[in-house]
Structure formats: C-alpha cells, structure tokens
Amino acid sequence: MDHPSGRPWLIGHWDVRDLRVASAGRVRIAVLGACAAEVAALERTAARIHDVTDLAAAFARIPGSFHLLASVDGTTHVQGTLSGERRVFCATIAGVTVAADRADVLATLTGARLDEGLLAARLLLLGDTLPSITTSHSLWQGVAAIASDSYLRVAPSGHGSVGTRWTPPDADLGLDEGALVLRQALDAAVTARRSSGRVLGSDLSGGLDSTSLCYLAAAGGRPLTTFTSDTGDPRDDDPMWADLAAEGIPHVQRLVVSASELPLHYTGITGPAEPLDEPHPDIVDQAAERAVAALLRERGVELRLKGEGGDELLGDSESYLPGLVRRRPLLALSHLRAFRAFGRWSWRTTVRALRPPDPRELLQRSARCLRAGLVDTRDLPRDDRAPVAASLPAWVTPRTVELVRSRMLRAADEFRVLSRDAAQDELLRGAVETGQKIRRAAQFAASIGLPVSNPFLDDAVLEACLAVRPEERAHPWRYKPLLTAAMRGVVPPRSLARVSKPDGTSLVLRGIRENREELVALCEDSRLARLGLIDAGALRTACSTSLWTSEDVPVALSDTFACERWLRDLEELRSPQERIPAHPPRLARGPHQAQDGDVDHAHAAT
C-alpha cells in the first residue's frame, strides 16, 4: 500500500478482511486486525484529526484488537495493543526507521545478530513473585521492541521517536457498575471479530471465560461451532461443565474430541515448522493443534475464539491488600483473614502479603542465587516457597547461568513501574506476559490455516477490568466476581457457579513418555549446545527418565525444546555463513567461576 507521496508505505502479507483504510485531507489511516469501525466511521475519525498527537485518543474507544497505522502531514504513527498481543518493533535501515509486527523480518533486513543472553533467558523459570525479564526486548540486537503502552512516530526525515499513549484508569468503579462496563466491552470485542465477515468458532472448555465468549458469540441465535477436548482424566471435569454450558446455546454445532483421538504432546517435534519470530513453548503441541484446526475448518470455521487472558485479568490475587489497608483497614483485615484461612498462611506469609518485596530487589536477589538445577518447592517448608523466584534446568551450562544472571541484573536496573498501585501493576504485567504468549500462538495458528483471537485481551476489556476497585474485582470468597456479575443474565446461573480448573499435567507427562525417541533425536547436534547454552548429554538424560527432581521439569523441557526447534527452523532460512557454528563457544569453568573472557562475552551479548 502506497503512501500519499506515492512511495511504498505498508508492505506485508495480510488477509484483505483484516485491513481497513480511510483518508481525509492530509490524514490517512489504516487499521490491521479486528476492528469494529467500518470504513465510513474511520473516515469520520480521520476528518477529526488535526495533528498526529490526536491519534491515540481518537482510537482509544474503538473496540477490537488491531495495529493502528496513520500518516499525518508525512509523519507516520504506529501503535499496537496494550497487552502486546499486537506488538510493534522497529529498526533503522539506511538511516530510516522502519516498523514491523515481527522482529525477525527486521532482523533479516538489517542482518541483526541473535541476542544470546535473551535466548538463554527463555530457559529461565520464574515464580509468581518475579516480573518477566524477556518481554521488553526483541531477541535481535539492533531491533527494538516498543512498549505496549507506547507508540512509534516516524518524522518525514525518517527519524523515529517513542512516546507514551496511555495511562491506567483510576480504579473507582464498584462491582455492579464495573460489571456493566465489562459486559459491554466483551460484547463489543466479540462483535469486532464478526465484523470481518468470518465464520466464528470458539473453544468451550466449560470454564467461565470460554463459556462467556460462547454465549456472547451466539447471542441473537447466531450459529456457532464450539470445540471441547475430553482428556479422559477422571479428575478433569471440563467435559461435564462444557456439556452443561452447551445446553443453553441455541443453534450450536459441537465438536467434542477425545484426547486419544489427537496426537500427543511432542508428536512430530523433529519435523520442521513455520518459523515464528520468537520461540513458542506450545509448539510441542503443534500436531494436535493442526488436527483440531483441520476439524474446525471442515465445519466452516474461519476464526477461532479463545478465552486466554481471563485468568490474568479476572483471577484472584492478594496483591490489593497493602493498598486496601491504607484505604479501608477494617475491610482489609476481613479479607486478610479469609486469605490466611484458605491458604493456611503463617504469620510470616501474612506479613509478606502486606509488605511484598520490591521487584528490583527480588530480581537482584534471585540473580545472586541463580544456579543450574531446578528447585523442587514441594520439599521446602510452606513459608519458604514464595522466595524461590527463579531457577534454571540442570542441563544448562555455566555460560547460560552467567548470561541469565547478567540479564536479570539488567532487568532490575531497567525495571519500569506500570502503575503506582500494586494490584493494577500486577494485572498489567500479567496481561502483557499473556499477550506475548498469545502473539506467538496466533502466528502459529495463522501458519496452519485457522487464525485465533482472544477478546479478553482487547484494550477496552483490559481498561474495564482496571477501572474496578481491586478488592471487588478479586475477592477471597468468590471466584471471578467481576466476570460473574458481568455475565449474569447472559450465561446460565449453573455455569456461573463453577470454581474448578484442571491443569492437564497428565497429558503432558504421557506425551513425554510416548515421544522420548523424538526428544532424544533433538538432542543430537543440538543448536542450543552449539551456542554453549545447554549440555546435550544432560538434556538427553532428562528425556530418558521420569525420575525428575522437580515438578517443573516438564515446563523446562517445553521451554528448551521450543528454543531448539526455533533455532533449527530459523536456520533453514539463513545462508550457510549465517548458521550456528558446529563447535560451541568456550565455556566457563564453573557456575560461579567464569573466566574473564566469558563474562565479557556475556555482557556483550546482552
């Protein structure tokens, strides 16, 4: 798509149903993604733009999930979504700032080198108390990631600058008022997906998040195809709740698939996949996702809705307690007693809930304690589990430990508070971390022919949750009270009463057992080992046994093989000169005794 000057403006590969363009005088606007506004409405919006600084506010209330690209008097404005599900990257090419929604595209154009420190950090397992250290940067040196609450602006000269486009709203709404706002935002989010003209399908696990989306998508008697997975695990009550939910959806076409009918985790992991711009741990489930996508496409589904993000926005958390103590101490005491009773907190844990450690201090402390070898928190006293915030699997090398430690210390120095309120800050960080995962999942889904979309992470939905007082959004006695109130009258009461949530661990363990040969094959000539990040022999041993020292080993295996698969797929696109050398770099002597040259290399890589 050309700029008004006649030169190329937007270049890429997209579905024509996802791009809407409008012009008015000196202003040209393009929205790429799910947008509720038709072209005529975008033209009216463009006519109200007098300056490039008007753009962020003008689009703040338009429902959907999309990239906004605009040109005003030759200045280009680019922004994504607050969750980072639609992200913006930039790099300088021939003196001109160029933006893209994928970092690997810019890395290819600029010849950027891989940031091995950040790749090593993808092997780090973080506890709930630690902020992510990988969401603020791209995996490529010289390719910048724009913060999700910011915009990129490129002047006619080609110079790029970054500014903040959004600040969190005040959390001053009560439950009833906030529930109405959330219902309207979710309904508009689903409507924005329909505006593309695609036939919708939706996951129906029986959980509150997916059930809410299904009822909104089927409102007014509109046809809907739903997908439910039956794991066969007697402890998994998803199928029962999904059956109950489906009874109230008119004109529903159900697809219920037993886990035994789908490929297991890690099936086909040795085969090539479409390269994403970052490693994606769920790539271990690629065979099953391909099978489900094919079944849904056979039933005419063109866009699959998912309920990802609902837990992060609407789940329970005690992070609001310190703020509530200052505002309403008696109510805080009541809530604290409930959390303490349900969680069997000691006084030490209770004090920690009221005085949580500073994230910077926690990052620094965790970096100092970092070593190879996952810590099994089940063997620790209950009060000592929370401080165990970060660990690396036993198969990483001393070089990886040093690279990740350096990255953690840098993350502590660069730490940016998203909100002065601890509960709001936690919600925003959870949304951003989930948005990053969903972005990778969406890339993979598009590559197998069935796009996915997650209405819970739309800007308007996120704002609606943030606007409600935290003690009413999260409550010790009620499960997702804000969503339950929002869906009252839309979702049947019996579905709103569910409070359980299975974890699906049994299927993951079975996949590892049944596909050990494929995992061991990936250990041979490992690209991660070539980079000096893992010991392939130790990884092979971990794949060959189930006698693990930590319950986190399956997660660590998923993260590791996601990085390994990504490096291999990436290598297929590179010239022989750019490929990873067969011999790993010189390793450090020990986890805490790195040679000077190795430490310098670690700092240079980050």
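Mentor: Let's fix one term before anything else: buried means under 20% relative accessible area, exposed means over 50%, and partly exposed lies in between, using a 1.4 Å probe and protein chains only. On that scale, 53% of the 606 residues of the protein count as buried. Keep in mind that this is a predicted model, where local features need pLDDT of at least 70, side-chain atom pairs count only at pLDDT 80 or more, and totals for chains, interfaces and linings use all residues. Residues are numbered from 1 along each chain as its sequence is written, while side-chain values use heavy atoms and leave out hydrogens and water.

Trainee: Okay, overall picture then. How many helices and strands are there in the protein?

Mentor: Those come from DSSP runs, numbered from the N terminus: H or I over at least four residues for a helix, E over at least two for a strand. Here you get 25 helices and 16 strands. For compactness, take the radius of gyration over C-alpha atoms and set it against the globule rule, 2.2 Å times the number of residues to the power 0.38. The protein comes out at 24 Å, close to the 25 Å that the rule gives for 606 residues, so it is as compact as a globular protein of that length. The C-alpha trace spans about 65 × 65 × 55 Å along its principal axes.

Trainee: And what share of contacts joins residues at least 24 apart?

Mentor: A contact is heavy atoms within 4.5 Å. Among contacts between residues at least 6 apart in sequence, 72% join residues at least 24 apart.

Trainee: Now the inside. Which residues touch the most other members of the largest nonpolar core?

Mentor: In soluble globular proteins, nonpolar side chains tend to be buried together. A nonpolar core is a set of buried Ala, Val, Leu, Ile, Met, Phe, Trp, Tyr and Cys residues joined through side-chain atoms within 4.5 Å. The largest one here has 78 residues, and Leu 119, Trp 140, Val 143, Met 408, Leu 557 and Phe 561 touch the most other members. Helix H24 (residues 553–571) supplies the largest share of this core, nine residues. A second, separate core has 48 residues, among them Ala 179, Ala 242, Leu 313 and Ile 438.

Trainee: Let me zoom in on H24. What is Phe 561 in contact with?

Mentor: Leaving aside neighbours within four places in sequence, Phe 561 is in contact with Tyr 266, Leu 519, Leu 522, Cys 523, Leu 539 and Cys 543. Thr 560 is also found in helix H24, and at 1% relative accessibility Thr 560 counts as buried. With the same neighbours-within-four filter, Thr 560 is in contact with Leu 123, Trp 395, Leu 528 and Leu 539. Thr 560 and Ala 120 are 440 residues apart in sequence, yet their C-alpha atoms are 9.5 Å apart in space.

Trainee: I noticed cysteines in there. How many disulfides does the structure hold?

Mentor: A disulfide is a covalent bond between the sulfur atoms of two cysteines. The cut-off here is a pair of cysteine sulfur atoms within 2.5 Å, and the structure holds zero disulfides. Take Cys 214: the nearest cysteine sulfur, that of Cys 465, is 18 Å away. Cys 214 is buried, at a relative accessible area of 0%. For Cys 563, the nearest cysteine sulfur belongs to Cys 523, 14 Å away, and Cys 563 is buried as well, at 1% relative accessibility.

Trainee: On to sheets. What order do the strands of the five-stranded sheet have?

Mentor: Two strands pair if DSSP finds at least two bridges between them. This open sheet has the order S13-S12-S11-S14-S16, with parallel pairing. Strand S13 (252–258) and strand S16 (452–453) are its edge strands, each pairing on one side only. Strand S11 (residues 200–203) makes three bridges to strand S12 (residues 224–230), with Ser 202 opposite Thr 226. S11 also pairs over three bridges with strand S14 (residues 303–305), where Arg 304 is the bridge partner of Gly 201.

Trainee: Which way do the S11 residues point?

Mentor: Leu 200 and Ser 202 point one way, Gly 201 and Asp 203 the other, and all are buried.

Trainee: And the antiparallel sheet, which strands stand at the edges there?

Mentor: That open sheet has six strands, in the order S1-S2-S3-S4-S9-S10. Strand S1 (19–24) and strand S10 (160–164) stand at the edges with a single partner strand each, so one side of each is left without a neighbour in the sheet. S1 runs antiparallel to strand S2 (residues 27–35), joined by six bridges, and Leu 19 stands opposite Leu 32.
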